[in-house]
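Open the model in your viewer and set it to a cartoon display. This tour goes from one selection to the next and says what is found at each stop.

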Amino acid sequence: MSTIKILWVDDEIDLLKPHIMFLEKKNYDVSTCQSGTEAIELVGEENFDIVFLDENMPGLSGLETLSEIKAIRDTLPVVMITKSEEEYIMEEAIGSKIADYLIKPVNPNQILLSLKKNLDTSRLVSEKTTLSYQQEFRKIAMDMSMVNTYEEWAELYQKLTYWELELENIEDQGMHEILESQKVEANNGFFKFVERNYQDWFNGSDDKPVMSHTLFREWVVPQIKKDDVPTVFIVIDNLRYDQWKSFEPIIGNYYKKESEKTYYSILPTATQYARNAIFSGLMPSDMEKKHPDLWLNDTDEGGKNQNEDKFLDAQLKRLGLNLKWDYHKITSLKGGKKLVENFNSVKNNDLTVIVYNFVDMLSHSKTEMEVIKELASNDKSYRSLTTSWFKNSPLLEMIQKSQQLGLRVVLTTDHGTINVKNPSKVIGDKNTSLNLRYKTGKSLTYEDKEVLAATDPKKIHLPTINMSSSFIFAKGDLFFAYPNNYNHYVSYYRNTYQHGGVSLEEMIIPFVILNPR
C-alpha cells in the first residue's frame, strides 16, 4: 500500500512539530508550508491525498486558499483548522465542501481520526459491514428455516434488502454471491409458504395480510379521515421495496416518515390485476361480476387499466365517503410537467390520486433496448437508474410542491418485479396470455414443481375466461418459455425484469405515510 501524502498549511507550522512527528511515526508522509500561496503552488505540483489548512493566516486566508485549491483539484479532501468558532466561517467552509472542521488546539488523535474518517472510511466500513453480515448470515439462515407467517416473511425480506443495500459498495464479490444465494433460498421458502396459504387468505381467515384489494379501505381511508390535512395518494407502478429504500433519503429532505409498512400484492402480480384491485377494493372475479363494463380480461382487446378512476369512484361510494377528489395518471414527461404546473389546485381536494408509470416503462424498455439492458444489468444498477430518474423527475417536483402546500403524502406501488434468470417450459393454445411470469388459458402443460397452479381460479377470486381455464404463476426467478424458437426466446428475455409471479420482490411491497417537514 502506498504511503499517504499529507500537506499541512499553517503560518505557525513550527509549533506543530510534535503532531507532524506523531504522524510520521504512523508512516504518513507530511509536507508543510506556511502560507496559502505556497500551498496553492504545491497542490499544483504534487499529488497529495489530503490537506490540513489553517483558516487564520496572513496574506491569503484559509477560505481563500480553500477556494483556489478546489479550483485546481476539486476532489482533494481539505480539513479546515481554526481558532475561531464563528458560525459564518463554519458555514463558508462547509459550503465550499471541506472534508472536516477542527477547532484549535488540536491533539494528535483528532488529526488521526480525521485521516481515518476521510481516507480510510471505505476500507473500514467495508471490513465492518462484511463482518457484521457474516455474523447476521447465520441468524438469517436460522430464521429462514422457522419463518411461518406473512409478517415474518415481510421482516425477513426487509432484512435481506437491508443487507443488500449495506453491501452495495463493498468490493468483496464473495459477500454479494452469498447474499444472492440467500435470496434464492428465501424465495424458494416463500414460494412454498404462498402455495400453502394463499387460498386461505380469501376464506375468512383472520391471519391474513393487507392485500391489494383491502389496501385502500384498511390503510388509505384512515389517513384521509384523520384530520383536515389533504392527502396525496401516489402509486408508483412496479416499484420494489429496495428501489423505495434507495430514493427514500431524497424524499427525507421534504417529508418525515410517519410510518413504513409492507403489504402483499395479489396474484398475478401484474398491473391490470393488482392496481385495479387497489382502486376498486375488489378482487378481479368480483370486478368482473360487479363492473362488467369496466373490467377487461387478458384476452379482451384494449387497455386493461383505463378505468381506475371509475373503479375508485365506485369504491368511495360503497364506503360512504363523500370527498372532493381528483385522479391523474402520468405516463410521459410531458404529462408530469403539466401536472406540476397546475399543482396548486390540489390543495382544495380531500384526496389527490397520482398514478406514476415510469418504473414499469423502465422494466419494459430494459427488455427491448440494448442500452437499458447495459444500464440495468443487475439489481444494484436497476436501483441506481430508478434513483437517478426520481431525482430529476416531475414526481419529485410534485412531492416538493405537496410539502410547500402542507399536504400529507401516502406513497405505495401495485407490485414489484424480479430479474428473471431461468426458463420454465410451458405449452398453451393461441389464446394463452402473453405474460412471462403468469399464464392463463385452457389445456396448459407445464412443469409442476416450477409453478403455483390455480386449476380453479374462482378459489383465489380470479376470473375464468372459459370453463377449463386455469392460471399458473412462475416460482422465484423463472420465466415461461414456449418450446418453439426456444433458444432465441430464452436469450432475449433472460436477465430482464418481469412481474406476475410469486417472489418476495413482486409480492411484498412498500406502503409509506409521509408528513411535511
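Start with two neighbouring helices: select Trp389, Phe390 and Lys391 in helix 17, then add Leu395, Leu396 and Ile399 in helix 18, which they meet. Sorted by class, this contact has five nonpolar residues, no polar ones and one charged. Keep in mind that the model is a predicted one.

Now show the whole of helix 17, residues 379–391, and look along its axis; the axis of helix 18 comes within 6 Å of it, and the two cross at roughly 55°. How do helix 17 and helix 18 lie to each other? An angle under 35 degrees would count as roughly parallel and one from 65 to 115 as roughly perpendicular, and helix 17 and helix 18 are therefore oblique to each other.

**Helix 14 against helix 18**

Keep helix 18 (residues 394–404) on screen and add helix 14 (residues 333–341); their axes come within 9 Å and cross at roughly 15°. Helix 14 and helix 18 are therefore roughly parallel to each other. Their crossing is left-handed. To see the contact, select Leu333, Gly336, Lys337, Leu339 and Val340 on helix 14, and Pro394, Glu397, Met398 and Lys401 on helix 18. By class, five of these residues are nonpolar, one is polar and three are charged.

A general point helps when you look at helix contacts. An α-helix has 3.6 residues a turn, so residues three or four places apart point the same way.

**The five-stranded sheet**

Next, go to the sheet in which five strands are arranged in the order 2-1-3-4-5; it is open, and its pairing is parallel. Which strands are at the edges? Select residues 29–33 for strand 2 and residues 100–103 for strand 5: each of these pairs on one side only. On average, and with direction ignored, neighbouring strands of the sheet are turned by 20° against each other.

Zoom in on strand 4, residues 78–82, which runs parallel to strand 5 and is joined to it by four bridges. Select Ile81 and look across to strand 5, where Leu102 stands opposite.

Two helices on this sheet are worth adding. Helix 2, residues 36–45, packs on the sheet and touches strand 1 (5–9), strand 2 and strand 3 (50–54). The direction of helix 2 makes about 160° with that of strand 1. Helix 5, residues 108–119, also packs on the sheet; the strands it touches are strand 1, strand 3, strand 4 and strand 5. The direction of helix 5 makes about 135° with that of strand 3.

**A stop at Thr130**

Select Thr130, which is found in helix 6 (residues 121–146). Is Thr130 buried or exposed? Its relative accessibility is 10%, so Thr130 counts as buried, the cut-off being under 20%. Leaving out residues up to four places away in sequence, Thr130 touches Ile170, Asp172 and Met175. Then pick Ser424 as well: Thr130 and Ser424 are 294 residues apart in sequence, and their C-alpha atoms are 35 Å apart in space.

**Strand 12 and its partners**

Move to strand 12, residues 422–427, and add strand 17, residues 478–481; the two pair in the parallel sense over four bridges. Among the residues to pick here are Pro423 and its bridge partner in strand 17, Phe479. Strand 12 also runs antiparallel to strand 14 (residues 445–446), with two bridges between them. Here, Val426 has Tyr446 of strand 14 as its bridge partner.

**Two covered helices**

Select helix 11, residues 271–280, with the rest of the chain shown as a surface. In helix 11, 10 of the 10 residues are buried, so this helix is largely enclosed by the rest of the structure. Among them are Tyr273, Arg275, Ile278 and Phe279. After helix 11 comes Gly281, which has a positive phi, near 70°.

Helix 10, residues 241–251, is mostly covered, with eight of its 11 residues buried. Those buried in helix 10 include Tyr241, Trp244, Phe247 and Ile251.

**The whole chain**

Finally, zoom out. The chain has 20 helices and 19 strands. Its C-alpha atoms fill a box of roughly 90 × 50 × 40 Å along the principal axes. Of the 517 residues, 52% are buried. Counting contacts between residues at least 6 apart in sequence, 74% join residues at least 24 apart.

Technical notes
Residues are numbered from 1 along each chain as its sequence is written. This is a predicted model: local features need pLDDT of at least 70, side-chain atom pairs count only at pLDDT 80 or more; totals for chains, interfaces and linings use all residues. Side-chain values use heavy atoms; hydrogens and water are left out. Axes are lines fitted to C-alpha atoms, for helices over the stretch in contact, and angles run from 0 to 180 degrees between N-to-C directions. Angles under 35 degrees count as roughly parallel, over 145 as roughly antiparallel, 65 to 115 as roughly perpendicular and the rest as oblique. A crossing is left-handed if the near helix is turned anticlockwise from the far one by less than a right angle, and right-handed if clockwise. Contact means heavy atoms within 4.5 Å. Ala, Val, Leu, Ile, Met, Phe, Trp, Tyr, Cys and Pro count as nonpolar, Asp, Glu, Lys and Arg as charged, and the others, Gly among them, as polar. Two strands pair if DSSP finds at least two bridges between them. Buried means under 20% relative accessible area, exposed over 50%, partly exposed in between (1.4 Å probe, protein chains only).
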